[in-house]
Amino acid sequence: MGNDSANCAATAAKGCFMSQLRRAAILKMASTAYEMNLGVLNGVLHQEDGRWYLGNRDLLTWLARHEGEELVIILGSLQDENPLTTRTCRTCGRDYSDLECPYCRANRIRLRGRA
Ligand SMILES: [Zn+2]
């Protein structure tokens, strides 16, 4: 993305690196959701003839299929400038920036045979 690299040039190197990590974390969360067979759309949000599209998907048509269902919708902007949050694991004390501690997750899978 040309715009992204322009942002990088204008941003302090560390801040840019952090936003790339955050972008990677958002994409990782999306791929986890996709693996759970959740509805995941990505693309550029735009309007055409008064209808909203994300990439080439008509959002109202997509939403209409779920009318009456109780939903959770997560929206991640790949262009936000928020820093990546680092947390300290309450179990092992390691710092991590994933959704959960990758060390403890790996241990849990090893011990229980599932995530
Ligand atoms: Zn841990």
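In which sense, parallel or antiparallel, do strand E2 and E3 pair, and over how many bridges? In this predicted model, strand E2, which spans residues 51-54, pairs with E3 in the antiparallel sense, and two bridges connect them. One residue pair illustrates this register: Tyr53 has Asp58 of E3 as its bridge partner.

The pairing of E1 with E2 is likewise described by its bridges. These strands run antiparallel and are joined by four bridges. Leu45 finds its bridge partner in E2 at Leu54. The connection between E1 and E2 is a hairpin with two residues between the strands. Within that turn, Asp49 adopts a positive phi of about 50°.

Taken together, three strands make up an open sheet with antiparallel pairing, arranged in the order E1-E2-E3. Strand E1 (45-48) and strand E3 (57-58) each have a single partner strand and stand at the edges, so one side of each lacks a neighbour in the sheet. In general, the strands of a sheet pair through backbone hydrogen bonds, in either a parallel or an antiparallel manner.

The sheet belongs to a chain whose secondary structure comprises four helices and five strands. Read from the N terminus, the succession of elements is α-α-β-β-β-α-β-β-α. The chain has 115 residues, of which 3% count as buried. As regards contacts in the chain between residues at least 6 apart in sequence, 28% join residues at least 24 apart.

Note on methods:
Residues numbered from 1 in each chain as written. Predicted model: local features only at pLDDT ≥ 70, side-chain atom pairs only at ≥ 80, totals over all residues. Buried ≥ 20, exposed ≤ 12 C-beta atoms within 10 Å, placed from the backbone. Contact = placed C-beta atoms within 7 Å. Pairing = 2+ DSSP bridges.
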